[in-house]
Each structure stands twice: as C-alpha cells, then as structure tokens.
Amino acid sequence: SIPAMTEAALNGEIDLVIHGGDIAYDIDDDCGRRGDEFMRTIQPLSTTVPYIFGVGDHEGGRKDLSLDCHAQLGYDYEGFRMRVGEATNAGQMIMAHASGSPTSFYFSFDVGLVHFVVINTNAWIHACHYWMLPPQMMWLSSDLSAVNKSKTPWTVLIAHRAIYCVKNDDSECNNESEAMRYGLPEAAYRKNINMGDWKGDVKGRDNVFGIEEVLEKYGVDIVFGGHTHHYE
C-alpha cells in the first residue's frame, strides 16, 4: 500500500519507485480528477524518493483517436504526458532526453549498479500504436548497446505488459506476449491488425520488431511486467 511504502521510504528501506503503468485507473477519468487525486496521494512518497512512471494501457486517453491509424497518434496519452512533463520538457522528459529518447514513452536511467530501461509495450498490441515500433526499437538497441557493464553490470527492463506469462483463455499471454517476444507477423503490421484480433500462429510469420533477441543480444538480466492481474 502507499502508506506502507511511504513509511519504508522514510525509514530508508526504499531507494526509488518505478510504477510500470496503469496509473490511477484511469489517469484521465472524470476530466483528470482521478489522476490528480492519485498524484496527491503519492506526494509524501514521491517527495521522499524518486517516483518514475512508465506507460500502460490505462494511460491511453482519448480512444476515439484510434479510429484513424494513419494519423500516427494511437491514443493521445494526454493525462500521462501532462503529468510527467512532456508538455513543458520538464520532469521525466529531462531524463528521457538524457537517455537519447524524444518521448516519455520509452527512456532509461541508471541507479547505482543498475541500468533501468522503460518501454511502451502497447506498441506491439494495438494497430494504431504500430507506428511507434521503428523509433522505439531503434532507440532500444542503441541504448542497450551503449550500456557500460563495468559501471552498471545489471540491466533491468520495465514493460507494462508481460512479455512472458501463462494463461490459456485470452490473447494476453498468447498472441500478445508472443508478438512482443518474437515480433509482429508482417501481415498484421502491414494491414494494421490488432494482435488481439490476429488469427493463427504468431511465431514464424515473417515477424518484425521482436524484442527477445534484442534483450538476449545485449544481456538484459531481468524483465518486470504486469498487466495480466496474476502473479507468476
């Protein structure tokens, strides 16, 4: 709970918090009041230790923007972007720019012996986010290739959606997680087909933008994910 985490931070037991998406459920609900209430709630914690936000599927904002995939907007993420400093080039945007990223959707930073990388996994799932894959993957490869293992021997990836998980009854741990691991089927990418709507196998379909081989190539040690509402 937030009170327990705040107490732990005040006692020096927590160095930082990384919140990998799904903030406030939803951050822009009730004209943004839900997000404002959450931010006020975490203030005793976020003013004690750094509190870093990643983006999940509940930060998307205006879903009506997804009706035109060619606009390269996906959703607008307004509630998220306004709160992490993207509109004013402040807050987390300073950290994003320091890591060579142009956006708060994906960035990296070092803490002690750990190089942390945060990405936007929505880019592999929703057709109207596919436009984000080329720049995000280019940035990710560049960032990981530049890690100084003598300075930060551990590399940790924060991904809201689980790249590895086990569930039988829906696409989250099947089509969607496989699309992140192995890459989108080329036909899904070219035809703007959501991975939740994809029929058939994912692997071995002229896949593009798979993340697993990149993580293995550059020696990423741990991947933390969520989204599926179960622990494994």
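**Surface patch, cores and loop geometry of the predicted model**

A nonpolar patch of about 420 Å² is formed on the surface by Leu113, Trp154, Ile222 and Phe224. Of these residues, Phe224 belongs to strand 8, which covers residues 222–226. The structure described here is a predicted model, and the values reported below were computed from it.

The protein contains eight helices and eight strands. Its C-alpha trace spans about 50 × 45 × 35 Å along the principal axes. The radius of gyration is 18 Å, which agrees with the value near 17 Å that a compact globule of 232 residues would have. Buried residues account for 47% of the 232 residues. The exposed area of the protein is about 11600 Å², of which carbon and sulfur atoms supply 51%. Of the contacts between residues at least 6 apart in sequence, 64% join residues at least 24 apart.

In soluble globular proteins, nonpolar side chains tend to be buried together. In the present model, the largest nonpolar core comprises 44 residues. Those with the most contacts inside this core are Phe53, Ile119, Trp124, Leu140, Leu157, Met195 and Ile211. Two or more residues are given to the core by each of helix 2 (33–46), strand 2 (51–54), strand 4, helix 5, strand 5 (154–161), helix 6 (172–182) and helix 8 (212–217). Helix 5 gives the most, with five residues. A second, separate core is made of eleven residues, among them Met95, Phe109, Phe116 and Ile158.

The surroundings of Ile119 illustrate the packing in this region. With residues up to four places away in sequence left out, Ile119 touches Phe105, Tyr106, Trp124, Gln136, Leu140, Leu157, Ile158, Ala159 and Ile211. Trp124, Leu140, Leu157 and Ile211 are also listed among the residues with the most contacts inside the largest core, whereas Ile158 is included in the second core.

Asn122 is located in the loop that runs between strand 4 (114–119) and helix 5 (133–145). Despite this loop position, Asn122 counts as buried because its relative accessibility is 2%, under the 20% cut-off. Apart from residues up to four places away in sequence, the contacts of Asn122 are with Gly56, Asp57, Tyr77, His129 and Arg161.

Helix 6 is mostly covered, with eight of its eleven residues buried. The buried positions are Glu172, Cys173, Asn175, Glu176, Ser177, Ala179, Met180 and Arg181. The elements covering these buried residues include strand 5, strand 6 (183–184), strand 7 (208–209) and helix 8. The helix is followed by Gly183, which has a positive phi near 105°.

Leu184 lies in strand 6 and is buried, with a relative accessible area of 0%. Beyond residues up to four places away in sequence, Leu184 touches Trp124, Tyr130, Leu133, Ala179, Tyr189, Met195, Asp206, Asn207 and Val208. One of these partners, Ala179, is a buried residue of helix 6. Trp124 and Met195, also contacted by Leu184, are among the residues with the most contacts inside the largest nonpolar core. The C-alpha atoms of Leu184 and Lys203 are 8.3 Å apart in space, with a separation of 19 residues in sequence.

Backbone features of note occur in the loop between strand 1 (17–20) and helix 2. Asp26 lies in this loop and is joined to Tyr25 by a cis peptide bond, with omega about -5°. Ala24 is found in the loop between strand 1 and helix 2 and has a positive phi of about 70° although it is not a glycine. Cys31, likewise placed in the loop between strand 1 and helix 2, has a positive phi near 60° and is also a residue other than glycine. The two residues with positive phi differ in accessibility: Ala24 counts as buried because its relative accessibility is 18%, whereas Cys31, at 74%, counts as exposed.

Key
Residues numbered from 1 in each chain as written. Predicted model: local features only at pLDDT ≥ 70, side-chain atom pairs only at ≥ 80, totals over all residues. Heavy atoms only, no water. Patch = residues over 30% accessible without salt bridge, like charges linked within 9 Å, V, L, I, M, F, W, Y side chains within 5 Å. Areas by Shrake-Rupley, 256 points an atom, 1.4 Å probe, with all protein chains shown as cover. Salt bridge = Lys/Arg side-chain N within 4 Å of Asp/Glu carboxyl O. Helix = DSSP H or I, 4+ residues; strand = E, 2+ residues; numbered from the N terminus. Buried < 20%, exposed > 50% of the residue type's maximum accessible area, 1.4 Å probe, protein only. Contact = heavy atoms within 4.5 Å. Core = buried A, V, L, I, M, F, W, Y, C linked by side-chain atoms within 4.5 Å. Rg over C-alpha atoms; globule rule 2.2 N^0.38 Å.
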